[in-house]
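Visitor: Got a minute to walk me through this one? I'd like to start with the ligand site.

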Amino acid sequence: MPQSAERLAKLPPYIFAVQGQRIQEMLTRGQDVISLDIGSPDLPPPPAVIEALSASAHHPNNHGYAGYRGIPAFRQAVARYYQRRFGVTLDPEREVLPLIGSKEGIVNLCLGYLDRGDIALVPDVGYPSYSMGARLAGADVYWLPVNEKMGFRPNLEAIPSEIANQAKILWINYPNNPTGATAELEDYARLVNFCRENDILLASDNPYVDVTYDGYCAASVLQVSDAKSCAVEFMSFSKTYNMGGWRLGAAVGNPEALKILLQIKSNVDSGHFKAIYDAGVTALDNTPSSWIEERNHVYQRRRDQIMAVLPFIGLQAKKPKGSLYIWGRVESGNGTKYVDKALNEALIALAPGAAYGPGGEQYVRISLGIPDDRLEVALQRLKDWYAKTSLSVS
Ligand SMILES: Cc1ncc(COP(=O)(O)O)c(C=O)c1O
């Protein structure tokens with residue numbers, strides 16, 4: 001067999017694929033591993049969405065290619081959602097583009113904008129696809145350190161001007177994976193200004209905008225006036241409507257960026273079949289806000305349950321107002337070691353903080369997407385394990 005491409009040297013195997021394989025092997029051996037590592041909602045989508053998929057799939061004419069830009073009804077429903085939810089007006093023809101999940105859009109946007117030697121500004125820590133997309137494109141990643149004190153927001157003043165001049169994309173994500181941090185409109189306004197001044201595409205990855213707690217309501221970057229001149233936002237059905245496996249999302253905002261994204265995508269994929277878009281329209285138009293509130297209430301309860309246990313398992317965290325995660329700082333030692341030991345000794349899978357950037361080394365991420373009964377077992381197991389090992393996980 002020929003050698004694999006050189007670019008793979010800069011693209012390590014996806015950590016969750018590796019860990020998932022290890023967990024699968026343990027399960028096959030009969031070990032009862034409980035996964036708190038993956039951010040996949042455990043609850044189903046609204047019933048009307050499943051019915052819409054089924055009704056549309058029964059239609060004999062709905063099984064062909066539905067077009068590189070999806071169907072107009074879907075783009076219009078996304079525009080209606082933005083109007084209703086954020087007061088943002090989008091042109092469904094030029095400012096909305098369906099995605100096969102936002103992960104696809106993230107990586108393809110990198111391919112559309114970045115060449116060898118270009119720079120992407122990526123928060124350290126952040127969702128791994130921002131840096132992996134840049135590397136796949138041959139570009140360099142300039143890490144923007146974020147920490148608890150700064151509310152996990154990048155310090156734009158600390159970016160050297162020669163880096164700002166060379167950078168082409170800046171990634172942001174609030175409510176944030178993995179930290180649970182949130183951003184307000186004034187934060188978004190600062191980011192828009194910075195990107196406009198430095199001719200940078202601001203890419204706001206926003207899959208958790210409707211996964212919030214304690215009455216908190218998250219914003220869209222497009223609420224900043226004239227943000228569309230430099231910004232795109234990725235919205236996703238995965239977390240808002242519990243549709244992770246359906247692979248449905250959309251990019252919205254700057255029309256030029258969406259045109260470039262479409263140029264890549266139309267050469268790479270052929271979109272979804274119509275039933276997925278029809279189901280997406282139902283999700284956007286017909287999901288009552290009470291459904292989202294009740295679902296978020298379930299996550300909020302789990303969040304509080306986990307927060308109460310952290311002191312007994314050697315972790316510290318700030319209570320998140322949004323996202324699907326608790327970002328726990330390991331009190332003594334290293335996140336990767338902690339994760340290894342928890343998996344081997346307590347059969348609990350957690351996500352190592354280092355997977356989200358060099359700044360995550362001392363952290364582990366705990367997902368709220370786990371059924372209540374399993375969460376209870378998992379937390380008890382972690383408590384028993386930590387008490388017994390009395391370990392220094394360093
Ligand atoms: C911050 C962030 N962006 C993007 C994604 C990918 O979402 P999708 O299922 O829409 O591809 C995830 C998934 O966990 C995420 O956490």
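Visitor: Which element gives the most to the shell around the ligand?
Guide: That is α4, with three residues. Keep in mind that this is a predicted model.

Visitor: How many residues surround the ligand, and which are the closest?
Guide: There are 16. The closest are D205, Y208, S236, S238 and R247.

Visitor: And by class, what is in the shell?
Guide: Six nonpolar, six polar and four charged residues.

Visitor: What about polar contacts? How far is the side chain of R247 from a ligand oxygen?
Guide: An N or O atom of the R247 side chain sits 2.7 Å from an oxygen atom of the ligand. For N177, a side-chain N or O atom is also 2.7 Å from a ligand oxygen. K239 places a polar side-chain atom 2.9 Å from an oxygen of the ligand.

Visitor: How much of the ligand does the protein bury?
Guide: The protein buries 93% of the 400 Å² that the ligand exposes when taken alone.

Visitor: Switching to the sheet. What is the strand order?
Guide: It runs β2-β8-β7-β6-β5-β3-β4. That is seven strands in an open sheet with mixed pairing.

Visitor: Why is one side of β2 and of β4 left without a neighbour?
Guide: Both stand at the edges, each with a single partner strand, so one side of each has no neighbour in the sheet.

Visitor: How do β5 and β6 run, parallel or antiparallel?
Guide: Parallel, joined by four bridges. L170 stands opposite L202 in β6.

Visitor: Which strands does helix α3 touch?
Guide: β2, β7 and β8. The direction of α3 makes about 65° with that of β8.

Terms used: Residues are numbered from 1 along each chain as its sequence is written. This is a predicted model: local features need pLDDT of at least 70, side-chain atom pairs count only at pLDDT 80 or more; totals for chains, interfaces and linings use all residues. Side-chain values use heavy atoms; hydrogens and water are left out. A residue is near a molecule or strand if one of its heavy atoms lies within 4 Å of it. A polar contact is a pair of N or O atoms within 3.5 Å; within protein, one must be able to donate a hydrogen and the other to accept it, and residues adjacent in sequence count only if both atoms are side-chain atoms. Accessible areas come from the Shrake-Rupley method with a 1.4 Å probe; for residues, only the protein chains shown count as cover. Helices (H or I, at least four residues) and strands (E, at least two) are DSSP runs, numbered from the N terminus. Ala, Val, Leu, Ile, Met, Phe, Trp, Tyr, Cys and Pro count as nonpolar, Asp, Glu, Lys and Arg as charged, and the others, Gly among them, as polar. Two strands pair if DSSP finds at least two bridges between them. Contact means heavy atoms within 4.5 Å. Axes are lines fitted to C-alpha atoms, for helices over the stretch in contact, and angles run from 0 to 180 degrees between N-to-C directions.
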